Amino acid sequence: MKRPTCATCLRAQSTCICRWIAPVAPQAALLVLLHPLETGNAKNSGRLLHLSVAGSALTVGEAFDADLLEGLLHADGRTPVLLYPQTPDDQHLPPPPALPSLPASMLRLVVLDATWRKSRKMLYLNPALQRLPRLALSDVAPSNYRIRKAHAPHQLSSLEAAAQALGQLEGDGARYGALLDAFDGFVSQQASYVRA
């Protein structure tokens, strides 16, 4: 018998994460491209990010229809910027264009919500993403994503990375402190299930 599900966060009601939604209204728009393998992962932070960020869009897929993706990237006339580290040693990817000097209100931050390996595959499979300017995080705060294994200290959850990137675009990282605090609560909740 299937457990009752929360209509908002789409999780079982017994593991609902809605109390951790921390509403924020960034200047930049947010597009979360969620890998299909992450949709049922209880440790995934992408849905909490989407529910917290006003006006954000979340789409599930790996290889997206080109026209659909172009529409999502350029909706409302904003300029899309991919949150992704630079990859100068990757011969399979063209060098991205320079980050535009535009105010955050004219940008759309694009977040690939997947494992590092799967996010790289999403980048390879979607030429439109390869053509985007990239935002690489600077002065990365340590991750509090203790419920998932990271391969390097600078690797963050999608929520942590997006919060830091929005703060970087706006020049006001402190503005997203409540979102990061809510993420800490979410992590503690998930960790309690493991201990139980």
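**Exercise 1. Work out whether Cys 9 is buried or exposed in this predicted model, and which cysteine sulfur is nearest.**

Step 1: Start with accessibility. Cys 9 has a relative accessibility of 2%. The cut-off for buried is under 20%, so Cys 9 counts as buried.

Step 2: Now look for a partner. The nearest cysteine sulfur belongs to Cys 6 and sits 3.8 Å away. A disulfide needs the two sulfur atoms within 2.5 Å, so Cys 9 is in no disulfide.

Step 3: Try Cys 16 in the same spirit. Its nearest cysteine sulfur is that of Cys 18, at 3.5 Å, and Cys 16 is in no disulfide either. With 24% relative accessibility, Cys 16 counts as partly exposed.

Step 4: Widen the search. Across the whole structure, zero disulfides turn up.

**Exercise 2. Sketch the overall layout of the protein: how many helices and strands are there, and in what pattern do they follow along the sequence?**

Step 1: Count the elements. You should get six helices and five strands.

Step 2: Read along the sequence. The pattern goes β-α-β-α-β-β-α-α-β-α-α.

Step 3: Check how far contacts reach. Take contacts between residues at least 6 apart in sequence: 77% of them join residues at least 24 apart.

Step 4: Add burial to the sketch. Of the 196 residues in the protein, 45% are buried.

**Exercise 3. Find the largest nonpolar core and say which element gives the largest share of it.**

Step 1: Pick out the hubs. This core holds 34 residues, and the ones touching the most other members are Leu 30, Leu 49, Leu 109, Leu 169 and Leu 179.

Step 2: List the contributors. Two or more residues each come from β1 (29–34), α1 (46–52), β3 (79–83), β4 (107–113), α5 (158–170) and α6 (177–195). The largest share, seven residues, is from α5.

Step 3: Zoom in on one hub. Ignoring neighbours within four places in sequence, Leu 179 contacts Ala 22, Val 24, Leu 49, Ser 52, Leu 159 and Ala 163.

Step 4: Look for a second core. A separate one has 16 residues, including Leu 31, Leu 82, Ala 114 and Met 122. As background, nonpolar side chains tend to be buried together in soluble globular proteins.

**Exercise 4. Describe the second largest pocket: what lines it, and how much space lies in it?**

Step 1: Get the volume. About 280 Å³ of space lies in this pocket.

Step 2: Find the lining. There are 16 lining residues, with Arg 11, Thr 39, Gly 40, Asn 41 and Ala 42 nearest the centre.

Step 3: Sort the lining by type. You end up with six nonpolar, six polar and four charged residues.

Methods:
Residues are numbered from 1 along each chain as its sequence is written. This is a predicted model: local features need pLDDT of at least 70, side-chain atom pairs count only at pLDDT 80 or more; totals for chains, interfaces and linings use all residues. Side-chain values use heavy atoms; hydrogens and water are left out. A nonpolar core is a set of buried Ala, Val, Leu, Ile, Met, Phe, Trp, Tyr and Cys residues joined through side-chain atoms within 4.5 Å. Buried means under 20% relative accessible area, exposed over 50%, partly exposed in between (1.4 Å probe, protein chains only). Helices (H or I, at least four residues) and strands (E, at least two) are DSSP runs, numbered from the N terminus. Contact means heavy atoms within 4.5 Å. On a 1 Å grid over the protein atoms alone, a cavity is a set of points where a 1.4 Å probe fits but cannot get out, and a pocket is an open set with protein on both sides within 12 Å along at least five of seven lines; lining residues have an atom within 4 Å of a point. Grid points are joined across faces, edges and corners, and a volume is the space filled by probe spheres set on the points. Ala, Val, Leu, Ile, Met, Phe, Trp, Tyr, Cys and Pro count as nonpolar, Asp, Glu, Lys and Arg as charged, and the others, Gly among them, as polar.
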